[in-house]
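Dear colleague,

I am passing on the structure below, together with some notes on what came out of going through it. Please read them alongside the coordinates and tell me where you would like more detail.

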Amino acid sequence: MPDTPSPSQPVVTRFAPSPTGELHIGGARTALFSWAYARRFNGRFLLRFEDTDQKRSSKQAELNILRDLDWLGLRADNHDDIPRQSQRLDLYNTATRKLLDMGLAYEDAGAVRLRMDQDVSFRDEVYGDITVKADELEDFVIRKAPEADGRTFPTFHLAVVVDDVHMGVTHVIRGQEHLSNTPKHARLYDALGHARPIWVHTPSIMNPDGSKMSKRDKAKTARNAAQQAGILQSPIDDPKRYEAFLNKDNDDLDIALHIASVLGVELPEIDVADFRQSGYLPAVLLNYIALLGWNPGDDIERFDLPFMAEHFGFDRINRKNAKFDRDKLAAFNQEALAALPPDEFATKLREHFAAFHTAFVERLGDGFATFAAMYQERSKTLDDPATLGRFFIDAPADYDDKAVKKNLTKNDGEGLAMLAAFAETIDAIEPWDTPTIQAGLESFTVDKQLKNIGGIAQPLRVAITGSAVSPPIDATLALLGQQEVKARIARCLETVHDQA
RNA sequence: GCCCCCUUCGUCUAGUGGCCCAGGACAUCGCCUUCUCAUGGCGCAAACAGGGGUUCGACUCCCCUAGGGGGUACCA
């Protein structure tokens with residue numbers, strides 16, 4: 001593994017989201033890289049909220065971002081005292097004043113612009129040396145026109161530079177979309193007389209179709225679903241807003257969520273919170289997004305936070321935008337879940353279900369650990385058992401046609417006959433536990449001269465789950481309980497006879 | 001339109017002039033294990049965007065074309 005040169009000064013990195021929404025997956029990766037680099041060189045990783053856009057910023061968004069960063073394990077070193085730009089207006093005004101006095105900036109319609117009258121060259125650790133000619137640069141606004149109350153807010157450009165200087169940030173790690181802003185920032189550092197930081201721009205994370213991964217994708221998905229399903233009446237109180245939503249005049253998340261729940265469609269995961277709800281482990285998410293644009297070489301793909309804290313460097317960051325591959329994330333997650341000690345898996349599953357599927361926790365009671373064990377190696381996410389094991393909570397509403405034909409009605413109802421015969425033997429199975437049930441099933445197989453245990457297991461699966469799929473039949477029956485099994489068989493015999 | 005950046009299997013990538021008729025992972029497909037599903041084991045298929053140079057030799061260096069991304073805001 002190649003070695004990254006040690007920086008000549010103490011490292012200070014930062015993550016500076018604007019609190020206008022949830023923590024985006026791309027932001028999480030920027031935070032991860034910043035965290036890892038700081039840890040690698042025993043530096044500091046700082047957080048800052050960029051709330052110069054007062055109208056769109058909110059306290060709630062700040063809280064959510066903090067919660068997600070904590071969940072990921074990327075706690076900032078200034079966690080207890082996070083600066084907000086809105087509290088530092090003086091700093092920006094002082095800088096603006098200075099620039100004005102030096103004649104490097106000028107007023108324009110209430111705003112203040114910085115002169116960009118010379119070529120700007122800078123170096124980026126990922127993209128290399130970049131030069132932009134003066135005639136391609138415009139004088140840009142560094143301070144917006146005053147608010148009604150007289151306060152003056154800086155633009156993002158002035159604010160980042162002043163703040164990064166103020167916080168002593170040495171390495172600015174951020175998304176590639178900022179690369180073309182960097183000449184402005186470089187000029188600002190120079191004009192203000194401060195040493196420039198080291199810039200590190202990372203490629204973007206894209207959707208599988210190559211489009212940018214954005215919050216709007218949720219609205220897009222919901223809108224398409226609504227239009228396909230032809231839902232005309234509003235799922236929310238405000239029909240006008242709904243109409244506007246359908247007309248793409250707004251991308252209201254609440255409306256998208258409503259549509260999704262009504263139609264049962266899944267919205268794409270975009271924010272860290274989405275991935276948490278989908279049941280991905282934070283360590284796996286981190287591992288996967290790190291791989292989207294960075295790798296340690298030597299074909300190493302599975303690694304954790306400590307590994308990154310030891311090996312992360314800018315020299316192995318790629319320049320190409322990467323498409324997000326959910327299948328690979330899911331595969332990593334499944335592998336990680338399977339590798340967990342059973343009791344730890346059960347604990348995590350219980351926590352997840354307590355948050356998102358309370359019915360299971362209530363209904364399963366003491367059987368929850370058994371349930372967890374059954375699904376540990378069958379789950380790609382902590383959410384999978386909720387769908388795969390739905391039948392433990394709700395008896396099947398109907399029976400899958402194909403499964404019925406193949407396992408029950410085929411050969412003159414051979415499967416149904418086996419089911420009926422087995423129902424007779426159930427009371428004799430005592431105690432009702434996995435080994436005893438297995439023994440009962442085996443002797444039934446011999447008695448009826450079945451080719452193998454599947455001859456009775458499959459009919460049972462259909463009766464119990466409505467489909468041909470379940471965990472091992474003995475354990476499934478055991479957890480479901482003797483009475484419930486009898487009831488479901490009886491109901492299946494009745495219903496399927498009627499169908500045939 | 002103009003400016004900047006990018007381009008290896010379907011996807012993420014290894015590769016820094018000969019080790020590469022290109023390696024790994026996920027996905028796909030096939031076989032084995034098996035009461036279903038899933039696990040596990042084994043295996044197949046699959047890429048250097050195109051065209052010019054430079055060089056004894058190019059995936060690696062240079063140029064052009066095409067395609068993709070970003071910017072062009074008193075949003076960040």
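A polar contact, as the term is used here, is a pair of N or O atoms within 3.5 Å. With that cut-off in mind, the side chain of K320 makes such a contact with RNA strand B, since one of its N or O atoms is 2.6 Å from a phosphate oxygen of the strand. Please keep in mind throughout that this is a predicted model.

Two further side chains approach the sugar or linking oxygens of RNA strand B: an N or O atom in the side chain of E50 is 2.7 Å from one such oxygen, while a polar side-chain atom of S18 lies 3.3 Å from a sugar or linking oxygen. Taking the surroundings of RNA strand B as a whole, 58 residues line it, and the closest are K144, A145, E301, R378 and S470. Of the strand's atoms within 4 Å of the protein, 72% belong to sugar or phosphate, and the rest belong to bases.

As for the elements that build this surface, at least two residues each are supplied by β4, α4 (156-167), β11 (322-323), α12 (326-339) and α19 (454-465). The largest share, 5 residues, comes from α12.

Strand β4 also takes part in an open sheet of 3 strands, which has the order β3-β4-β7 and antiparallel pairing. Its edge strands are β3 (105-108) and β7 (140-143), each of which pairs on one side only, and neighbouring strands in this sheet are turned by 45° against each other on average, with direction ignored. Between β4 (residues 111-114) and β7 there are 3 bridges, the two strands running antiparallel; at L114, the bridge partner in β7 is F140.

Turning to the interior, the largest nonpolar core contains 105 residues, and the ones with the most contacts inside it are F324, L460 and I489. Helix α1 (residues 25-40) contributes the largest share of this core, namely 9 residues. If its neighbours within four places in sequence are left aside, F324 is in contact with I25, I205, M206, P208, M213, F275, Y288, I289, L292 and L329. Apart from this core lies another, of 33 residues, including L89, L99, I142 and A159.

With best regards

Methods. Residues numbered from 1 in each chain as written. Chains lettered and ligands numbered in written order. Predicted model: local features only at pLDDT ≥ 70, side-chain atom pairs only at ≥ 80, totals over all residues. Heavy atoms only, no water. Pairing = 2+ DSSP bridges. Helix = DSSP H or I, 4+ residues; strand = E, 2+ residues; numbered from the N terminus. Axes fitted to C-alpha atoms, helices over the stretch in contact; angles between N-to-C directions. Core = buried A, V, L, I, M, F, W, Y, C linked by side-chain atoms within 4.5 Å. Buried < 20%, exposed > 50% of the residue type's maximum accessible area, 1.4 Å probe, protein only. Contact = heavy atoms within 4.5 Å. Near = heavy atom within 4 Å. Polar contact = N/O pair within 3.5 Å; in protein donor to acceptor, adjacent residues only side chain to side chain.
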